[in-house]
Amino acid sequence: MTASEHEIAETLIGKDYDAMDAHTQRVARHLTERRHVSRNTADESDGSMTTAQRAADAVARFGGSWTFIFVFALVLIAWVVLNSVILLKYDRAFDPYPYILLNLFLSMLASIQAPIILMSQNRQAEIDRKHAEHDYEVNLKAELEILLLHEKMDGLREQQWQELIDLQQQQIALLEQLLAEQNKKPS
């Protein structure tokens, strides 16, 4: 960025260029170079995901769905029914009431599923933070562009007013000249 571009950015933003944060400096560069700052941030996050991150997202997506709830309810009902039928028929069940083995499996599922879902939420929070930073940059640039447009409009209006005043002064001069000529004529 040239010195004049620094001055333009500093004038519009109201801060010294070196005192601006990285996002504001980026916007200032894009503004003075007349380049756009918006980009598709969704494409940036998809390509850099590891297998573990994709797996965590899949577990979180499935664990937070109605399909999971229905499948989970069916498994629980099947477990209870199967144990009850075996208990009634053979007087012996693989997990008799109060279903301690089922409780162990549920505890293990919860202890594994919770951290995986938290990892996915942390990653999503990071993505959301990047989207928010990008939105800030786009909004700041739009605001600065609007300020520039206002300055241009004000400049054009000032120029038009000056041209109008000059034209009016010419008309007044012509009218005075006509009056002077009319007063010179004998009646």
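**Exercise 1. The Asp 154 pair**

With which residue does Asp 154 form a salt bridge, and how far apart are the closest N and O atoms? Work it out on this predicted model, then describe the setting of both partners.

*Solution.*
- Step 1: look for the partner. Asp 154 pairs with Arg 157, and the closest N and O atoms are 2.6 Å apart.
- Step 2: check the spacing. Both residues sit in helix H6 three residues apart, so about one helical turn separates them.
- Step 3: check the cover. Asp 154 comes out at 36% relative accessibility, which makes it partly exposed. Arg 157 is partly exposed as well, at 45%.

**Exercise 2. A network on H6**

Find the residues that shared salt-bridge partners join into one network, and take apart the pair formed by Arg 129.

*Solution.*
- Step 1: start from the total. The structure holds five salt bridges.
- Step 2: follow the shared partners. Glu 126, Arg 129 and Glu 133 end up in one network.
- Step 3: zoom in on one link. Between Arg 129 and Glu 133, the closest N and O atoms are 2.2 Å apart.
- Step 4: explain the spacing. Arg 129 and Glu 133 are four residues apart in helix H6, so they lie about one helical turn from each other.
- Step 5: add the accessibility. Arg 129, at 37%, counts as partly exposed, and Glu 133, at 24%, is also partly exposed.

**Exercise 3. A salt bridge between two helices**

Which helices hold Asp 57 and Arg 123, and how many residues apart are they? Then decide: are these two buried or exposed?

*Solution.*
- Step 1: confirm the pair. The side chains of Asp 57 and Arg 123 meet in a salt bridge, with 1.9 Å from N to O.
- Step 2: place the partners. Asp 57 belongs to helix H4 (residues 51-63) and Arg 123 to helix H6; the two are 66 residues apart, so the pair links distant parts of the chain.
- Step 3: apply the cut-off, which is under 20% relative accessible area for buried. Asp 57 has 11%, so it is buried. Arg 123 has 13%, so it is buried too.

**Exercise 4. The largest nonpolar core**

List the members of the largest nonpolar core, and say which helix gives the most to it.

*Solution.*
- Step 1: collect the residues. The core has six: Leu 12, Val 27, Leu 31, Leu 140, Leu 144 and Leu 148.
- Step 2: sort them by element. Helix H2 (22-32) and helix H6 (100-184) are the elements that give two or more residues. H6 gives the most, with three.
- Step 3: pick a member and trace its contacts. Leaving aside residues up to four places away in sequence, Leu 31 touches Leu 12, Lys 141, Leu 144, Glu 145 and Leu 148.

**Exercise 5. Phenylalanine rings**

Classify the ring pair of Phe 62 and Phe 68, and find the cluster they belong to.

*Solution.*
- Step 1: count. There are six aromatic pairs in the structure.
- Step 2: read the geometry. For Phe 62 and Phe 68, the centres are 5.5 Å apart and the planes make 80°. Planes over 60 degrees apart count as edge-to-face, so that is the class of this pair.
- Step 3: compare the cover. Phe 62 is partly exposed at 40%, whereas Phe 68 counts as buried at 15%.
- Step 4: extend the pair. Ring pairs link Phe 62, Phe 68 and Phe 72 into a cluster.

**Exercise 6. The H5–H6 loop and a nonpolar patch**

Hunt for unusual backbone geometry in the loop between H5 and H6, then list the residues of the nonpolar surface patch.

*Solution.*
- Step 1: recall the usual case. Most residues other than glycine have a negative phi, and most peptide bonds are trans.
- Step 2: check the peptide bonds. The one from Tyr 97 to Pro 98 is cis, with omega near 20°, and Pro 98 lies in this loop.
- Step 3: check phi. Asp 91 is not a glycine, yet its phi is positive at about 60°. Tyr 99 also has a positive phi, near 55°. Both Asp 91 and Tyr 99 lie in the loop.
- Step 4: contrast the two. Asp 91 counts as exposed at 67%, while Tyr 99 is buried at 15%.
- Step 5: turn to the patch. Leu 82, Phe 94, Leu 101, Leu 104, Phe 105 and Met 108 make a nonpolar surface patch of about 520 Å². H6 gives the most to this patch, with four residues.
- Step 6: place two members. Leu 82 is in helix H5 (residues 66-90) and is partly exposed at 44%. Phe 105 is in helix H6 and is partly exposed at 36%.

Methods
Residues are numbered from 1 along each chain as its sequence is written. This is a predicted model: local features need pLDDT of at least 70, side-chain atom pairs count only at pLDDT 80 or more; totals for chains, interfaces and linings use all residues. Side-chain values use heavy atoms; hydrogens and water are left out. A nonpolar core is a set of buried Ala, Val, Leu, Ile, Met, Phe, Trp, Tyr and Cys residues joined through side-chain atoms within 4.5 Å. Buried means under 20% relative accessible area, exposed over 50%, partly exposed in between (1.4 Å probe, protein chains only). Contact means heavy atoms within 4.5 Å. Rings of Phe, Tyr and Trp (its six-membered ring) pair if their centres lie within 6.5 Å; planes under 30 degrees apart count as stacked, over 60 as edge-to-face and the rest as tilted. A salt bridge is a side-chain nitrogen of Lys or Arg within 4 Å of a carboxyl oxygen of Asp or Glu. Patches are made of residues with over 30% relative accessible area and no salt bridge: like charges are joined within 9 Å, nonpolar side chains (Val, Leu, Ile, Met, Phe, Trp, Tyr) within 5 Å. Accessible areas come from the Shrake-Rupley method with a 1.4 Å probe; for residues, only the protein chains shown count as cover.
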